[in-house]
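Work through the exercises below with the sequence and the coordinates open. Each one sets a task and then solves it in steps.

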Amino acid sequence: MNDLWRGTLATRLRIASGLVLFTYALLHFLNIGLGMLSPVWMDAMQDARQIVTRSFLGALLLYGAFAVHITFALIKLAQRGTLRMPVWEAVQIGLGIFIPVLLVTHLVHTRGAHEIHNVNDEMGYIMLLLYNTSDGWKQSLLLLVVWTHGCTGLHFWLRGKAWWRRNLPLLAGLAALVPAFALAGFLVEGRRVRAQFTDPTERDVMIERFNFPDREAFAEMLTLTENLRWLFGVIMAVVALAYLVKYIRARQQSVTIHYGNGPQINAPRGLTLLEMSRLRGVPHASLCGGRGRCTTCRVVIEEGLDLLHPPSEAEARSLAAVGAEPNTRLACQIKPMDPMTVVRVFQPDGRSKHRGHASQGEERELALLFLDMRGFTARTTGQLPYDVVFLLNRFFDAIVPAITAQGGTVDKYLGDGFLAVFELPASDNSAHAALRAIEGIAQALAAFNETLASEGQSPVAIGIGAHLGDVVLGEIGAAGQAPRTLIGDTVNTASRIEGATKEHKVQVFISAPLLDAAGHPVPREQMTALELRGLSRPLLAWPISEASNLSVQLARFRGFEETEVPKT
C-alpha cells in the first residue's frame, strides 16, 4: 500500500509540475510571438510575466517544478523494468532528455546573465543575441522540442477524457499555431533589432540599455554552460548506471514462466506478465494495449497461483464481467515473482501478423442509430421473394443517402433495418451528424411514402433508436475475411432503444447522452425513462412522434426561432 501511495504521489507531482512548466512555456512563446505585432506589447508582456517569475515565490514555483519534473522522470526511467515501450513514449522520453541540453544555454545567457552580470535580458537583448546565428537555430529547435514534449504529455494524460477527445481537432489546431506564432515573432522582431543594431548610434544606445556582456562575461557564461552540461551528463550516467544495475540484478533474479502449449522464458521480476511476454517476443493478445480495460490478455494459472498477489478491485471486476474461473488472471495486471505455468486464453495465430491495424481494435465515443421497418413481416406475407427484395432496396435507396450525406455509414444491414455509425473526429461532431441524419431520414421517408401512395401501396413506418457512447471498432472475423465493424454495450443499448419505439408508439427515441454531446439539453420533463435490459438504471431518452422537423423541435428547447440543427 505504501508503494502504491508513493507511486500515486510521484505521478501527481510529475503531472502538477508538468502543468506549471507547460503554462510557463505557453506564455513565454505567446510573448515571443507578440514581436510580430508590436515590440511594445512584447516588452509589456515580458514585464508582466517577470513580476511573477522574478519574485521569490514565482521563481521557487518555476524552478522547483522543473527540478521535480525532471527528477521524477529520471527516477521513473531508472526504475523501468524494460526499455521496450511504444514509439510515442520513447519519443517523449527522448525529447525530455534533449531539453536540458539546449535549455542550459538559454538559462545561462538570460537569467544567469541578469543575476551575475546585471544584464537587462529583455526580449530585444535575446533577439539581438540569437537572430541569424547558429544558436538562434538551436533555440528555435528548443522551442519546438519543448512544445512537442509538453503537448504529447498533455494529450496522453487527458486522452481518456470525453471532453478532450471531443475538442481534439480544435486543440490540435491551436497547438500547431503556438510555435508558428512564436517563431514568426522571433523572425520579425529579430530582423528589426538586428537592423537597428547596425546603426552606430543605435548600437551604443542598445549596448548601454542592455548592459550588453563584454568578451570576458561571455567567456565566463560559456564556461558555466559547459560545466552545467557536464553535470547533466553525469546525472544521466548515474541514471543509466542505476538502470543497468537493476537490469543485471533482475537477470540474476529472473523468474521462469512456462506457457502451456508454448515456450518457456526467463524474465526479470517486477514486470507484468504481459511485459514479460513482449520482452521475450511471446505473442500475447491485448486489445486495449495493457491498460486493464479489456480481458483479452487473460491467462489461466495452472501452477503458481497460490504465490501470486490477489487481484485488485478493477481486475476482479473485469474478470467477474466475463465469468472467469478463480484461477484466471489478467496478464497486464499480475507481476509474477515466482515460477508459474500459464495458458493464454486467446493465443494470436500465425495469420494475425497479416492483419491490418484495425484488427487490433480502436475505442471511440461515437453516435449510432438502429433503424427498423415496422410491420415488415405482415406487409410481405404472400409476396414473392423478388418483390420483397425489390421493396427493401427501394426503401434503403431512399433513406440511406440521408446518413451518408452527414458522414455516416451503414455498419450492417439487418433484414428490414440497419445499424449506422457516424465515425467523425469528435463526439460532438458525431452527435450533430446523427441528428441531421435522423431529420433527413424522416423527410426521405415522407417522400418515399408519397411515391408508394401514388402506386396504391400503404405507407412504410419506421422506428429509430439513437445513442452515443464508447464503442470498439475493428476487423472482426477470420484473417483476410474480416469486415470492419463495431461492438460494445453502446451498440446493444442503441438496439434496445429502437425496440422501445414500438412499445411507446413513436418514430424516434434519442438518448440523453447524444443530446448532451450535441449541446441540446432537452428538459427532463420532455424525456422518457427507459428501463432497458443490461442497464442498472433507467436511461433518459427523448421521444419524437415525427422527426421530419427535428431541427425546429430542438430550436424550441433552446428558445430560438426555427433554425437548422447546427452544422459542423
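Is glycine 153 buried, partly exposed or exposed, and at what relative accessibility? The model is predicted, so local features need pLDDT of at least 70 and side-chain atom pairs count only at pLDDT 80 or more, while totals for chains, interfaces and linings use all residues. Residues are numbered from 1 along each chain as its sequence is written, and side-chain values use heavy atoms, with hydrogens and water left out.

**Exercise 1. Classify glycine 153 and find a contact distant in sequence.**

Step 1. The classes are buried (under 20% relative accessible area), exposed (over 50%) and partly exposed in between, with a 1.4 Å probe and protein chains only.
Step 2. Glycine 153 has 30% relative accessibility and therefore counts as partly exposed.
Step 3. Its place is in helix H6; helices (H or I, at least four residues) and strands (E, at least two) are DSSP runs, numbered from the N terminus.
Step 4. Leucine 19 is 134 residues away from glycine 153 in sequence, yet the C-alpha to C-alpha distance is 9.6 Å.

**Exercise 2. Repeat the analysis for glycine 519.**

Step 1. Glycine 519 sits in the loop between helix H17 (512–517) and strand E12 (528–530).
Step 2. With 27% relative accessibility, glycine 519 counts as partly exposed.
Step 3. Between glycine 519 and histidine 432 there are 8.7 Å in space, C-alpha to C-alpha, and 87 residues in sequence.

**Exercise 3. Describe the second largest pocket and its lining.**

Step 1. On a 1 Å grid over the protein atoms alone, a pocket is an open set of points where a 1.4 Å probe fits, with protein on both sides within 12 Å along at least five of seven lines; lining residues have an atom within 4 Å of a point.
Step 2. Grid points are joined across faces, edges and corners, and the volume is the space filled by probe spheres set on the points. For the second largest pocket this gives about 430 Å³.
Step 3. The lining has 19 residues, and those closest to the centre are Phe66, Pro100, Val104, Leu107 and Leu228.
Step 4. At least two lining residues come from each of helix H3 (56–78), helix H4 (87–117) and helix H10 (215–252). H4 gives the largest share, eight residues.
Step 5. Sorted by class, the lining holds 16 nonpolar, one polar and two charged residues. Here Ala, Val, Leu, Ile, Met, Phe, Trp, Tyr, Cys and Pro are nonpolar, Asp, Glu, Lys and Arg are charged, and the others, Gly among them, are polar.

**Exercise 4. Analyse selected salt bridges.**

Step 1. A salt bridge is a side-chain nitrogen of Lys or Arg within 4 Å of a carboxyl oxygen of Asp or Glu. By this rule there are 13 salt bridges.
Step 2. In the pair of glutamate 122 and arginine 209, the closest N and O atoms are 2.2 Å apart. Glutamate 122 lies in the loop between H4 and helix H5 (123–130) and arginine 209 in helix H9 (residues 200–210), so this pair ties together parts 87 residues apart in sequence. Glutamate 122 is buried at 15% relative accessible area, whereas arginine 209 is partly exposed at 44%.
Step 3. Glutamate 189 and arginine 192 form a salt bridge with closest N and O atoms 2.6 Å apart. Both lie in helix H8 (residues 168–197), three residues apart, about one turn of the helix. Glutamate 189 is buried at 2% relative accessibility, and arginine 192 is partly exposed at 38%.
Step 4. Arginine 374 and glutamate 498 meet at 3.1 Å, N to O. Arginine 374 is in the loop between strand E6 (362–373) and helix H13 (376–380) and glutamate 498 in helix H16 (residues 489–504), so the pair ties together parts 124 residues apart in sequence. Both residues, arginine 374 and glutamate 498, are buried.
Step 5. Arg165, Glu365 and Asp470 are joined into one network by salt bridges that share partners.

**Exercise 5. Locate two non-glycine residues with positive phi.**

Step 1. Asparagine 132 has a positive phi of about 60°. This asparagine 132 lies in the loop between H5 and helix H6 (134–158) and is exposed at 65% relative accessibility.
Step 2. Asparagine 211 has a positive phi of about 50°. The loop between H9 and H10 holds asparagine 211, which is partly exposed at 37% relative accessibility.
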